[in-house]
Amino acid sequence: MAFKPNEYQQITMEDRFLNLDDRTKKFVLNSWAKDFAEIIFPAINEKRFSV
């Protein structure tokens, strides 16, 4: 298995939670998970993990 860098925007967190109820969506959006996905994941240099 070879590493291939991601050149495209990944699915946003809102897309993953479209089928959840409003209470769960509100909980996730008010937690650290949303900020983590928007700040930390884009900052990861994927080239460091290539072979």
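The average pLDDT of this protein is 77, and 67% of its residues score at least 70. Those scores belong to a predicted model. They express the predictor's confidence in each residue, from 0 to 100. Confidence also varies from element to element. Helix α1, residues 13-16, has the lowest mean pLDDT among the elements, at 62. Helix α2, residues 22-29, has the highest, at 86.

Now take the overall layout. The protein has three helices and zero strands. Along the sequence, the pattern reads α-α-α. The chain counts 51 residues, and 4% of them are buried. About 5,200 Å² of the protein is exposed. Carbon and sulfur atoms supply 57% of that area.

Next, go to helix α3, which spans residues 32-43. Start with its charged side chains. How many salt bridges does the count come to? The count is one. The partners are Lys34 and Glu38, whose side chains meet at 3.0 Å, N to O. This distance qualifies because a salt bridge needs the nitrogen within 4 Å of a carboxyl oxygen. Where do the two residues sit along the helix? Lys34 and Glu38 are four residues apart in helix α3, so about one helical turn separates them. Lys34 has a relative accessibility of 22%, so it counts as partly exposed. Glu38 is at 46%, so Glu38 also counts as partly exposed.

Now turn to the rings. The structure holds two aromatic pairs. One joins Trp32 and Phe36, with 5.7 Å from centre to centre. The angle between their planes is 85°, and the pair is edge-to-face. Why that label? Planes over 60 degrees apart count as edge-to-face, so an angle of 85° earns it. Trp32 and Phe36 both lie in helix α3. They are four residues apart, about one turn of the helix. Trp32 counts as exposed because its relative accessibility is 64%. Phe36, at 34%, counts as partly exposed.

Phe36 also pairs with Phe41. Here the centres are 5.1 Å apart, and the planes again meet edge-to-face at 85°. Phe41 has a relative accessible area of 48%, so it is partly exposed. Through these ring pairs, Trp32, Phe36 and Phe41 are linked into a cluster.

Step back to the surface. Which residues form the nonpolar patch there? The members are Trp32, Phe36, Ile39, Ile40, Phe41, Ile44 and Phe49. Together they have about 770 Å² of accessible area. The three residues of the ring cluster, Trp32, Phe36 and Phe41, are among the patch members. Ile40 is another member, and its place is in helix α3. Is Ile40 buried or partly exposed? Ile40 has 38% relative accessibility, so it counts as partly exposed. Patch residues need over 30% relative accessible area, so Ile40 at 38% passes that cut-off.

Finish at Phe49, also a patch member. The charged end of Arg48 sits over the ring of Phe49. It lies 6.0 Å from the ring centre.

Put the parts together. Helix α3 carries the Lys34 and Glu38 pair, along with Trp32 and Phe36. Phe41 joins the rings of Trp32 and Phe36 in the cluster. The nonpolar patch takes in that cluster, and includes Ile39, Ile44 and Phe49 as well.

Conventions. Residues are numbered from 1 along each chain as its sequence is written. This is a predicted model: local features need pLDDT of at least 70, side-chain atom pairs count only at pLDDT 80 or more; totals for chains, interfaces and linings use all residues. Side-chain values use heavy atoms; hydrogens and water are left out. Patches are made of residues with over 30% relative accessible area and no salt bridge: like charges are joined within 9 Å, nonpolar side chains (Val, Leu, Ile, Met, Phe, Trp, Tyr) within 5 Å. Accessible areas come from the Shrake-Rupley method with a 1.4 Å probe; for residues, only the protein chains shown count as cover. Buried means under 20% relative accessible area, exposed over 50%, partly exposed in between (1.4 Å probe, protein chains only). Rings of Phe, Tyr and Trp (its six-membered ring) pair if their centres lie within 6.5 Å; planes under 30 degrees apart count as stacked, over 60 as edge-to-face and the rest as tilted. A charge sits over a ring if NZ of Lys or CZ of Arg is within 6 Å of the ring centre and within 35 degrees of the ring normal.
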